[in-house]
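The following exercises invite the reader to examine one structure step by step. Each task is followed by a worked solution.

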Amino acid sequence: MTTDTPTGTPTGTPLTGKVALVAGATRGAGRAIAVQLGAAGAAVYVTGRTTREHVSEVGRATETIEETAELVTAAGGEGIAVPADHLEPEQVRAVVERIDRDHGRLDILVNDVWGGNHLLDFDTRMWDVELSRGLRMIELGVKSHIITSSIALPLLVRRPGGLVVEVTDGTAETNKSFRENFYYDLAKNGPIRMAFILGEELKSVGGTAVSVTPGFLRSEEMLDIFGVTEETWREAVDKQAHWALSESPVYVGRGVAALAADPERARWNGQSLSSGQLAKVYGVTDADGSRPDVWTYMAEEAAGADPAMADYR
């Protein structure tokens with residue numbers, strides 16, 4: 001990877017000629033990762049269920065995969081929007097077959113499918129959660145990732161050097177603690193374990209798999225929940241103290257793009273990584289030039305320390 005600009009964005013296009021599939025790129029981390037892969041020169045297929053003609057069960061018509069593809073292209077890459085429900089194997093197979101026809105290769109697979117926040121019942125015991133809601137979270141956060149990897153990996157391993165990124169919430173260390181909901185806990189620990197297992201299998205063919213988590217993500221949805229915008233987000237700190245260490249989706253996007261461009265990325269194989277960790281290693285920053293690390297802060301806090309937030313931003 002070439003040197004950074006003052007804002008922390010990698011310069012040059014180290015991913016020129018590479019092809020990526022970002023599954024679940026409609027909004028949030030998936031969208032930002034797709035855009036930053038494009039900024040690094042990659043051709044990026046972006047998939048999801050919300051298009052300009054159809055809105056998924058998430059119910060947000062304000063972000064679409066077509067818009068994501070346009071942002072990828074505007075950033076310097078080639079964005080290709082393909083509608084797909086990643087719980088439907090035939091739809092995923094059609095996406096992979098198109099990538100094979102168009103480019104004959106797949107270098108980077110990002111499994112970011114989720115869309116289950118509307119199903120969350122925090123502070124509710126497992127047996128009090130409606131079973132269908134809980135199982136839907138497992139489908140969205142685990143089954144969709146399995147289907148996508150099963151169908152896409154034969155193309156990815158055709159050449160050595162392929163990268164799989166499992167996007168989740170929390171690291172292997174932080175997720176040893178209770179995640180407040182039985183099904184959410186399983187859904188967010190699943191990708192961490194999947195990355196470890198795939199890492200073991202991919203290393204024999206020169207591939208790498210990791211799981212990556214953002215910190216306290218200021219996604220489009222979270223900004224709406226807090227009633228703020230990306231320009232006014234600090235106004236919500238009084239509602240949630242850890243919001244002061246929140247990050248824009250650009251942060252994890254830059255981290256994943258830097259990881260993908262690292263010729264020595266196999267050193268991370270099977271590991272669980274955070275946006276803050278990637279930022280420190282690769283020298284990238286959030287859009288405002290900061291390097292928030294909420295997971296480390298919360299670990300120090302949980303251990304009984306009294307860390308200063310300013311030291312973690």
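The model is a predicted one.

**Exercise 1. A residue in strand S7**

Determine where Ser-274 is placed, whether Ser-274 is buried or exposed, and what surrounds Ser-274.

Solution.
- Step 1. Ser-274 belongs to strand S7.
- Step 2. The relative accessible area of Ser-274 is 6%. Buried means under 20%, so Ser-274 is buried.
- Step 3. The side chain of Ser-274 reaches the backbone nitrogen of Gln-277, at 3.1 Å.
- Step 4. Once neighbours within four places in sequence are set aside, Ser-274 is in contact with Thr-171, Thr-213 and Trp-295.

**Exercise 2. The buried side of helix H9**

Identify the buried residues of helix H9, residues 294-302, and establish what they pack against.

Solution.
- Step 1. The buried residues of H9 are Val-294, Trp-295 and Tyr-297.
- Step 2. These residues cover an arc of only 160 degrees around the axis, and therefore lie on the same side of H9.
- Step 3. The partners of the buried residues of H9 are strand S6 (208-213) and strand S7 (272-274). Trp-295 of this group is also one of the contacts of Ser-274.
- Step 4. After H9 comes Gly-304, which has a positive phi, near 100 degrees.

**Exercise 3. The loop before H9**

Locate Gly-283 and classify its accessibility.

Solution.
- Step 1. Gly-283 is in the loop between helix H8 (275-282) and H9.
- Step 2. With a relative accessibility of 21%, Gly-283 counts as partly exposed; the limit for buried is under 20%.
- Step 3. Gly-283 and Leu-163 are 120 residues apart along the chain, and their C-alpha atoms are separated by 20 Å.

**Exercise 4. Three helix pairs**

Describe the packing of H3 with H4, of H1 with H7 and of H7 with H8. Two packed helices are described by the angle between their axes and the distance between the axes.

Solution.
- Step 1. Helix H3 (residues 89-103) and helix H4 (residues 131-156) have axes 9 Å apart, at an angle of about 20 degrees. Angles under 35 degrees count as roughly parallel, and H3 and H4 are therefore roughly parallel to each other. H3 passes H4 in a right-handed crossing. The residues in contact include Val-92, Val-96 and Ile-99 of H3 and Ile-147, Ile-151 and Leu-155 of H4.
- Step 2. Helix H1 (residues 28-39) and helix H7 (residues 249-261) cross at roughly 45 degrees, and their axes come within 7 Å. This angle makes H1 oblique to H7. The crossing of H1 past H7 is right-handed. Among the residues making the contact are Gly-28, Ala-29 and Ala-32 of H1, and Gly-253, Val-256 and Ala-257 of H7.
- Step 3. H7 and H8 pack with their axes 9 Å apart, at an angle of about 55 degrees. H7 is thus oblique to H8. The crossing of H7 and H8 is left-handed. The contact involves residues including Tyr-251, Val-252 and Leu-259 of H7, with Leu-278, Ala-279 and Tyr-282 of H8 on the other side.

**Exercise 5. Positive phi outside glycine**

Most residues other than glycine have a negative phi. Examine Asp-123 and Glu-180 in this respect.

Solution.
- Step 1. Asp-123 is not a glycine, yet its phi is positive, near 60 degrees. Asp-123 is placed in the loop between strand S4 (108-111) and H4. Its relative accessibility is 74%, and Asp-123 counts as exposed, since exposed means over 50%.
- Step 2. Glu-180 likewise is not a glycine and has a positive phi of about 75 degrees. Glu-180 lies in the loop between strand S5 (163-167) and helix H5 (182-202). With a relative accessible area of 40%, Glu-180 is partly exposed.

**Exercise 6. A residue in strand S4**

Which residues does Asn-111 touch, not counting those up to four places away in sequence?

Solution.
- Step 1. Asn-111 is part of strand S4.
- Step 2. Asn-111 has a relative accessibility of 0% and counts as buried.
- Step 3. Asn-111 touches Ala-23, His-145, Thr-148, Ser-149, Val-165, Glu-166 and Val-167. Thr-148 also takes part in the contact of H4 with H3.

Terms used. Residues numbered from 1 in each chain as written. Predicted model: local features only at pLDDT ≥ 70, side-chain atom pairs only at ≥ 80, totals over all residues. Heavy atoms only, no water. Buried < 20%, exposed > 50% of the residue type's maximum accessible area, 1.4 Å probe, protein only. Helix = DSSP H or I, 4+ residues; strand = E, 2+ residues; numbered from the N terminus. Arc of directions from axis to C-beta. Contact = heavy atoms within 4.5 Å. Polar contact = N/O pair within 3.5 Å; in protein donor to acceptor, adjacent residues only side chain to side chain. Axes fitted to C-alpha atoms, helices over the stretch in contact; angles between N-to-C directions. Parallel < 35°, antiparallel > 145°, perpendicular 65-115°, else oblique. Left-handed = near helix turned anticlockwise from the far one by under 90°.
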